[in-house]
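Colleague: Please take a close look at one part of this model, the largest pocket. I should like a connected account of its lining and of the residues elsewhere that help to place it.

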Amino acid sequence: MNQIKPSTAVDEKLQRWMRDIRRKLHQYPELSFQEQKTSLFIQKKLKELDVSYRNGWGGTGVIATLGEGEIHSGHVGLRADMDALPVEEKNLVPYASKVKGVMHACGHDGHVAMLLGAIVLLKRYGCRSKVSCIFQPAEEHGNGADRIIREGALDGGVQVVFGGHIDTHFPTGVITVDEGVICSYADPFSIILRGRSGHAARPHEAKDSLVAGAYLVTGLQTLISRETDPNKAAVLTLGRFASGTAHNIIADEAVIAGTLRNSDSEVRDRLLAGLRRMTQSIGDQFDLQASIVFHDCLPAVINSTYSTQIARQAALEVVGGDRVVSQGRPSLGAEDFAFYQQKVDGCLVRFGANSLSINSPAHSGTFDFDENVLKVGAHWLARVAMDWTAVSELGKA
Ligand SMILES: [Zn+2]
Ligand SMILES: [Zn+2]
């Protein structure tokens, strides 16, 4: 069965429409689970496009539905995250953030614009199967994907979820597609050491949590250097160590917060066990209470074979063979897209967005991206939904 695939290329008018959306969102960034204005803005655009939606997912999320009722061979989910970061923008651009200390420093403004652009394309070229367009809150902090999935975002027959992330490590026009692990496990944790305060001159009457904490900070480094296969990437960063109140008071409490990242489940299990073991043993060693809690842990993003095939095919159609590349080794960054893949098939790709004039790291106050990536992202999202539908249809024929 030969199917003629309609062109989904983005014209200049649609590119300008997406660019304006991106710039508007960029000026009014909102932190995780606080994306109220962003949510209302998305809903306004969906109304203009005459697309039905449900809002309130995770508080601010919006899921628009297309193509209901024609064929039921496949039901695709497309995902864009909506939130910004607690970063002060340093760019001197007309669309710079107007919200002090908050910035779209990860490109999620672009992701929303792309998904709205994909909706325009899917409507324009006809959408034969149901597509759920998921505008998801709180990717950066709080695992919004996990929350909206628990609220039922994938109920109703979503079989696969596709998404893409803007990435300035790659030039504009490139799409990276990789099967298997592409983003690491992330396990943030807090360690609390509770001793007993006392006079600086009489340590034998106290239990010094600061000294115990300092030993632990140093000791934990050996989990990576002495207990991890050097051929397997893993990182342990302790980003916070708080203890004590004055130079002449022995600290009764120390708090150490950090995150563990790696891309191998066996390595992860061993490191998690090591963190618990060392925390426990420092308590025994210094005769104080030691506890560790893990919070907002993220699974790895693991692209399935089948969804990756469809994602690669769509990328080839959108940017051509020489521009579909591998991202290389798995990133030690984390992505809550992983939660969709715990439930259904799914593939996350990266859209290159680096031009000669723009090359700044994500999560920094100087981050920006080449807006030509919006064309690529919208086109790929629409294309991958249509390709999935066509393949599902063929499978049922
Ligand atoms: Zn980010
Ligand atoms: Zn991001």
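Modeller: The account below begins with the pocket and then turns to aromatic side chains and to single residues.

The model is predicted, so local features are taken only at pLDDT of at least 70 and side-chain atom pairs only at pLDDT 80 or more, whereas totals for chains, interfaces and linings use all residues. Residues are numbered from 1 along each chain as its sequence is written, chains are lettered from A and ligands numbered from 1 in the order in which they are written, and side-chain values rest on heavy atoms, without hydrogens or water.

Rolling a probe the size of a water molecule over the atoms shows where empty space is left. Here a pocket is an open set of points on a 1 Å grid over the protein atoms alone, where a 1.4 Å probe fits and protein lies on both sides within 12 Å along at least five of seven lines; a lining residue has an atom within 4 Å of a point. Points are joined across faces, edges and corners, and the volume is the space filled by probe spheres set on them. By this reckoning the largest pocket has a volume of about 940 Å³. It is lined by 35 residues, of which Arg261, Gly333, Ala334, Glu335 and His363 are the closest to its centre. Two or more lining residues come from each of strand 5 (160-171), strand 8 (185-194), strand 12 (253-262) and strand 16 (345-354). Strand 5 contributes the most, with six residues. Helices (H or I, at least four residues) and strands (E, at least two) are DSSP runs, numbered from the N terminus.

Sorted by class, the lining holds 14 nonpolar, 13 polar and eight charged residues. In this scheme Ala, Val, Leu, Ile, Met, Phe, Trp, Tyr, Cys and Pro are nonpolar, Asp, Glu, Lys and Arg are charged, and the others, Gly among them, are polar. The pocket lies between domain 1 (12-183 + 300-396) and domain 2 (185-294), because both domains give residues to its lining; the domain bounds come from an automatic or database assignment.

Ser184 is in the loop between strand 7 (180-183) and strand 8. Ser184 counts as buried because its relative accessibility is 0%; buried means under 20% relative accessible area, exposed over 50% and partly exposed in between, with a 1.4 Å probe and protein chains only. From Ser184 to Val349, 165 residues away along the chain, the C-alpha separation is 14 Å. Within strand 5 lies Asp167, also buried because its relative accessibility is 8%. Asp167 and Ala378 are 211 residues apart in sequence, with 15 Å between their C-alpha atoms.

The aromatic side chains follow. A pair of aromatic rings is described by the distance of the centres and the angle of the planes. Rings of Phe, Tyr and Trp (its six-membered ring) pair if their centres lie within 6.5 Å, and planes under 30 degrees apart count as stacked, over 60 as edge-to-face and the rest as tilted. Eight aromatic pairs are found in the whole structure. One of them joins Phe337 and Tyr340 in a tilted arrangement, 5.6 Å centre to centre with 55° between the planes. Another, edge-to-face, joins Phe351 and Trp380 at 5.7 Å centre to centre and 70° between the planes. That pair links distant parts of the chain, since Phe351 is in strand 16 and Trp380 is in helix 9 (residues 373-396), 29 residues apart. Phe351 and Trp380 are both buried. Ring pairs also gather Phe162, Tyr306, Phe351, Trp380 and Trp388 into a cluster.

Two arginines sit over rings, meaning that CZ of Arg (or NZ of Lys) is within 6 Å of the ring centre and within 35 degrees of the ring normal. The charged end of Arg22 lies over Phe369, 4.1 Å from the ring centre, and that of Arg147 lies over Phe33, 4.8 Å from the ring centre.

Backbone angles complete the account. Most residues other than glycine have a negative phi, and most peptide bonds are trans. Asp50, however, has a positive phi near 60°; it belongs to the loop between helix 2 (36-48) and strand 1 (52-57) and counts as exposed because its relative accessibility is 67%. Asp296 likewise has a positive phi, of about 50°, in the loop between strand 13 (289-294) and strand 14 (301-303). Asp296 is partly exposed, with a relative accessible area of 40%.
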